[in-house]
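Subject: Structure for you to look at

Hi,

Here is the structure I promised to pass on. Please have it open while you read, as my notes go through it place by place.

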Amino acid sequence: MATGEAPVLEALLDLNAVSIARSELEPTTLLLVRLAALVAVDAPAASYLMHIGAAAESGIKIDDVQDVLVTVAPIVGTARVLAAAGKITDALGLVIAVSEMADQAASDAAAAGA
């Protein structure tokens, strides 16, 4: 039965959490492997969005992401890699925009309370 305000998203997050908990890979390795899998299945930008925050927190740099894209290109093809690069950029842009909005809201709240 669906529960909560976003039952599908909640179920996907739970599934990801279980998968991560059961893996013995280092966090950065795990996230880079997941990135490669997302490229391979031509995942939508929203799928990358679910991993962007965790990747940044684990210390993954844009160079690491580019290395993954270069590494999988001969396997999945250039068109899929270019599509993935665009989707990753879209996901990063959304994360940055949301972060900036949250920062602005916090700044506005602090100013209102001062």
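Is Leu 69 buried or exposed? At 9% relative accessibility, Leu 69 counts as buried, since the cut-off for that class is under 20%. Please keep in mind that this is a predicted model.

**The core**

Leu 69 is found in helix H4. Leaving aside neighbours within four places in sequence, its contacts are Val 39, Val 81, Ala 84, Ala 85 and Ile 88. Another distance you may like to check is the one to Leu 82: that residue is 13 places from Leu 69 along the chain, and the two C-alpha atoms are separated by 8.7 Å.

Leu 69 also has a place in the largest nonpolar core, which has 19 residues. Leu 69 is listed there among the residues with the most contacts inside the core, together with Leu 35, Val 39, Tyr 48, Val 65, Val 81 and Ile 88. Four helices give two or more residues each to this core: H2, H3 (45-57), H4 (62-76) and H5 (78-113).

Tyr 48 is a good place to see how these pieces meet. Again leaving aside neighbours within four places in sequence, Tyr 48 is in contact with Leu 35, Leu 38, Val 39, Ala 43, Ala 84, Lys 87, Ile 88 and Ala 91.

**Helix H2**

H2 covers residues 27-40. How does the span of its 14 residues agree with 1.5 Å a residue? The expected span is 20 Å, and the end C-alpha atoms are 20 Å apart, so the two agree. The buried residues in H2 are Leu 30, Leu 31, Arg 34, Leu 35, Leu 38 and Val 39. When you look at that list, recall that an α-helix has 3.6 residues a turn, so residues three or four places apart point the same way. Note that an arginine, Arg 34, is among the buried residues of H2.

**Asp 42 and Lys 87**

Just after H2 comes Asp 42, with a positive phi of about 55°. Most residues other than glycine have a negative phi. Asp 42 takes its positive value although it is not a glycine, so I would be glad if you had a look at this spot. The residue lies in the loop between H2 and H3, and it counts as partly exposed because its relative accessible area is 35%.

What do the side chains of Asp 42 and Lys 87 form where they meet? They form a salt bridge, at 2.8 Å from N to O. The pair links distant parts of the chain, with Asp 42 in the loop between H2 and H3 and Lys 87 in helix H5, 45 residues apart. A search of the whole structure finds 1 salt bridge.

The two partners fall into separate classes of accessibility: Asp 42 is partly exposed at 35%, whereas Lys 87 counts as buried at 19%. The value for Lys 87 comes under the 20% cut-off, which is why this lysine is classed as buried. Beyond its neighbours within four places in sequence, Lys 87 is in contact with Asp 42, Ala 43, Pro 44, Ala 45 and Tyr 48. Tyr 48, you will remember, is one of the core residues with the most contacts.

**Helix H1 and the segment before it**

The last stop is helix H1, residues 7-22. A nonpolar patch lies on the surface here: Val 8, Leu 12 and Leu 15 form it, with about 300 Å² of accessible area together. Leu 12 sits in H1 and is partly exposed, because its relative accessibility is 38%.

Glu 10 has its place in H1 too, and its relative accessible area of 33% makes it partly exposed. From Glu 10 to Arg 22 there are 12 residues in sequence and 18 Å in space, C-alpha to C-alpha.

Ala 6 lies in the segment before H1 and, at 30% relative accessibility, is likewise partly exposed. Ala 6 and Gly 77 are 71 residues apart in sequence, and their C-alpha atoms are 34 Å apart.

That is the tour; I look forward to hearing your thoughts.

Best wishes

Conventions
Residues are numbered from 1 along each chain as its sequence is written. This is a predicted model: local features need pLDDT of at least 70, side-chain atom pairs count only at pLDDT 80 or more; totals for chains, interfaces and linings use all residues. Side-chain values use heavy atoms; hydrogens and water are left out. Patches are made of residues with over 30% relative accessible area and no salt bridge: like charges are joined within 9 Å, nonpolar side chains (Val, Leu, Ile, Met, Phe, Trp, Tyr) within 5 Å. Accessible areas come from the Shrake-Rupley method with a 1.4 Å probe; for residues, only the protein chains shown count as cover. A salt bridge is a side-chain nitrogen of Lys or Arg within 4 Å of a carboxyl oxygen of Asp or Glu. Buried means under 20% relative accessible area, exposed over 50%, partly exposed in between (1.4 Å probe, protein chains only). The expected span of a helix is 1.5 Å times one less than its number of residues. A nonpolar core is a set of buried Ala, Val, Leu, Ile, Met, Phe, Trp, Tyr and Cys residues joined through side-chain atoms within 4.5 Å. Contact means heavy atoms within 4.5 Å.
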